[in-house]
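Here are my notes for you to read with the structure open beside them. Take the points in order and find each residue as you go.

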Amino acid sequence: QNVSHTINEDERTEFTRHINQELINDPDVKDKIPIDTDIMQIFDEDGLILAKLFNDSVPDTIDERVLNVPVKGKKVNKCKMTENNNSVIFSAKGIGCNVNIGSADLIVDIKLHPELYRLLEDDETLEQFLKLPPDQILLRWFNYHLKAAKWDRRVKNFSKDVSDGANYTILLNQLKPELCSRDPLNEPDLLERAEKKLGCRKYLTPKALVAENPKLNLAFVAHIFNTTWIADAKISISLLLFSTIFS
């Protein structure tokens, strides 16, 4: 059965920027980076970009010693390209692409961080929590901080519930009050409010926020989670990217 995947212009641009950022210093694909954000050409015939991204998603998924890489600028032959692509296919299945993306693959060393127990609901065990899909874990985390900030709103999705920027304003103020004020709440124009709140432009543009883009909002919240809370508990944005492309 043929399955088509629709990725809009904002998603293509931000996902490609992410790929370029993660692989810019990799010696095996440096001649392919940066990828043009207008085309998102990650499906190269030798399979190296996808192989590297799989290892960025889940380290050591592919033993890079078995990858066939160009030597002295000479392209690998078709047979070796096939070997690389077979490694990518097996790895895709191994980390859940085309099946399900498990939250256990998306969060690293969660059991080592008792702070994450704050996110558990009454009578919920850590094992039950780990079975939640990544978007639900991030929503739980988002709402934990909204409640801690004594804000009366909650988020149930990464589209409409965040599109006016108000919940983001509260979240960022709660996490980094010395850097992020609540002043954007005073801006009635939603696009202008988004401009003020999203100065970093990491994965999410003001236009995509107001347009209620769930994929880029999810990547943006995962980025906030990764960089502001617990150093070793990470949501793999590369794996979220793969789930968007392949699922």
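How close do the axes of α7 and α10 come, and at what angle do they cross? Keep that in mind; point 2 has the answer.

1. **The overall picture.** First, a reminder that this is a predicted model. The protein chain has 11 helices and zero strands, so don't go hunting for a sheet. Of its 247 residues, 50% are buried. Look also at the contacts with a separation of 6 or more: residues 24 or more positions apart account for 54% of them.

2. **α7 beside α10.** Back to the opening question: the axes of α7 and α10 come within 12 Å and cross at roughly 10°. Angles under 35 degrees count as roughly parallel, and that makes α7 roughly parallel to α10. On the α7 side, the residues that meet α10 are Tyr168, Leu171, Leu172 and Leu175. Their partners in α10 are Asn217, Phe220, Val221, Ile224 and Thr228. Sort the residues of this contact by type and you get seven nonpolar, two polar and no charged.

3. **α6 across α7.** Now try the other pairing. The axes of helix α6 (residues 134–148) and helix α7 (residues 166–175) come within 9 Å and cross at roughly 75°. Because of that angle, α6 is roughly perpendicular to α7. From α6, the contact uses Trp141, Phe142, His145, Leu146 and Ala148. From α7, it uses Asn167, Tyr168, Ile170, Leu171, Gln174 and Leu175. This time the split is eight nonpolar, three polar and no charged.

4. **Two nonpolar cores.** In soluble globular proteins, nonpolar side chains tend to be buried together. Here, the largest nonpolar core has 36 residues, and Trp141, Phe142 and Tyr168 touch the most other members. You have just met those three names in the contact of α6 with α7. The elements giving two or more residues to this core are α5 (126–130), α6, α7, α9 (206–210) and α10 (214–228). The largest share, seven residues, comes from α10. There is also a second, separate core of 14 residues, with Ile19, Leu50, Ala51 and Phe54 among its members.

5. **α10 on its own.** This helix has 15 residues and reaches 21 Å from its first C-alpha to its last, close to the 21 Å expected at 1.5 Å a residue. How many of the 15 residues of α10 are buried? It's 11, so α10 is largely enclosed by the rest of the structure. The buried stretch takes in Leu216, Asn217, Leu218, Ala219, Phe220, Val221, Ala222, His223, Ile224, Phe225 and Asn226. Note that Asn217, His223 and Asn226 are on that list too, although they count as polar.

6. **α1, for comparison.** Helix α1 (residues 9–23) also has 15 residues; they should span 21 Å, and the end C-alpha atoms are 21 Å apart, which agrees. Its buried residues are Glu11, Thr13, Glu14, Phe15, Thr16, His18, Ile19, Asn20 and Leu23. Ile19 is worth clicking on, as it is also part of the second core.

7. **One residue to check.** Is Asparagine 143 buried or exposed? Start with where it sits: Asparagine 143 lies in helix α6. Its relative accessible area is 17%, and the cut-off for buried is under 20%, so Asparagine 143 counts as buried. Leaving out residues up to four places away in sequence, Asparagine 143 touches Arg154 and Val155.

Terms used. Residues are numbered from 1 along each chain as its sequence is written. This is a predicted model: local features need pLDDT of at least 70, side-chain atom pairs count only at pLDDT 80 or more; totals for chains, interfaces and linings use all residues. Side-chain values use heavy atoms; hydrogens and water are left out. Axes are lines fitted to C-alpha atoms, for helices over the stretch in contact, and angles run from 0 to 180 degrees between N-to-C directions. Helices (H or I, at least four residues) and strands (E, at least two) are DSSP runs, numbered from the N terminus. Angles under 35 degrees count as roughly parallel, over 145 as roughly antiparallel, 65 to 115 as roughly perpendicular and the rest as oblique. Contact means heavy atoms within 4.5 Å. A nonpolar core is a set of buried Ala, Val, Leu, Ile, Met, Phe, Trp, Tyr and Cys residues joined through side-chain atoms within 4.5 Å. Buried means under 20% relative accessible area, exposed over 50%, partly exposed in between (1.4 Å probe, protein chains only). The expected span of a helix is 1.5 Å times one less than its number of residues.
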